[in-house]
Amino acid sequence: MDGILLINKPVGYTSHDIVGIVRKKLHTKKVGHCGTLDPDATGVLVVCVNKATKAIQFLMSDTKVYRATLSLGKSTDTYDASGKILEEKEVGQISKAQVIDVLNSFLGKSKQKPPIYSAIKVNGKKLYEYARNGEEVEIKERDIEIMMIELIDFSNNEIVFDVKCSKGTYIRSLCVDIAKKLGYPGHMSHLERRQAGRFLITDCITLEQLENDDYSLHSIDDALCGFPQLKLDDPTPVYHGKQIKSDLTGQVAIYDNQNHLLAIYESTGQGYLKNVRGLW
């Protein structure tokens, strides 16, 4: 049983919890997920099973689409509703036009500082471990890109917006930064991942469906169909991890003449492709 399960993760479960549930259900240890969701977040969790775990590194780089709710007036140490309140301020009059202007100001490439309550490692220790121990640590900014950001609703000091972003973007940090630009403390009160790569929330199953065997596995081919493709009549070089002559650039999915996905290669920049990962 090899392939990809798309789970609509409910509130209260860690991504690792979901992996454990899938392992138990499918009776296999080879299970991994692509892109962590916090326990309070919901939505698309891409779970790879058996041979599909080889593709995790390629699926992790996919863009994501989220629907976030930003609550103005209170900031927390975790940047979300589960944290300790650090600051409170009564929210005054804000127009919808102001909100839209501030949201649009985040479009494009920028630097973002991740929240200290995150699993990013600094000197071999996770940031949240520093936070829990009350230790100071330098948090470096990361390169991110916002491709789309759209206001969905604005009422009762809550801003609901959709955002399409690059790998590594923290929506909690984005919410805090939006609130700051509006002149207020704020935190993320809800988050739903609506899309991961080409997979939509409507493609997902619930944990109840998984338990009741009401599911199907997506193939690796399906997950990586957006990659440039190269079909080989003789796949022998791939099995030996050898380079292939080609003018294709970037990462390329290599197939045999029976349309079986064999590997992901990438350009050397010198007219050849080199092996990144075998997938057969």
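Biologist: Buried means under 20% relative accessible area, exposed over 50% and partly exposed in between, with a 1.4 Å probe and protein chains only. So what does Trp 280 count as?

Modeller: Partly exposed, because its relative accessibility is 40%. This is a predicted model, where local features need pLDDT of at least 70 and side-chain atom pairs count only at pLDDT 80 or more, while totals for chains, interfaces and linings use all residues. Residues are numbered from 1 along each chain as its sequence is written, and side-chain values use heavy atoms, leaving out hydrogens and water.

Biologist: How many aromatic pairs in the whole structure?

Modeller: Two. Rings of Phe, Tyr and Trp (its six-membered ring) pair if their centres lie within 6.5 Å; planes under 30 degrees apart are stacked, over 60 edge-to-face, the rest tilted.

Biologist: Where does Phe 58 pair with Phe 227 along the chain?

Modeller: Phe 58 and Phe 227 are edge-to-face, 6.4 Å centre to centre with 90° between the planes. Phe 58 is in helix α2 (residues 56–59) and Phe 227 in the loop between α7 and β14, 169 residues apart. Helices (H or I, at least four residues) and strands (E, at least two) are DSSP runs numbered from the N terminus.

Biologist: Buried or exposed, those two?

Modeller: Phe 58 is buried at 2% relative accessible area, and Phe 227 is buried at 16%.

Biologist: And what is the geometry of Tyr 239 and Trp 280?

Modeller: Their ring centres are 5.1 Å apart and the planes are at 85°, so the pair is edge-to-face. Tyr 239 is partly exposed, at 41%.

Biologist: New topic. Which ring does the charged end of Lys 125 sit over?

Modeller: Tyr 130, at 4.4 Å from the ring centre. The rule is NZ of Lys or CZ of Arg within 6 Å of the ring centre and within 35 degrees of the ring normal.
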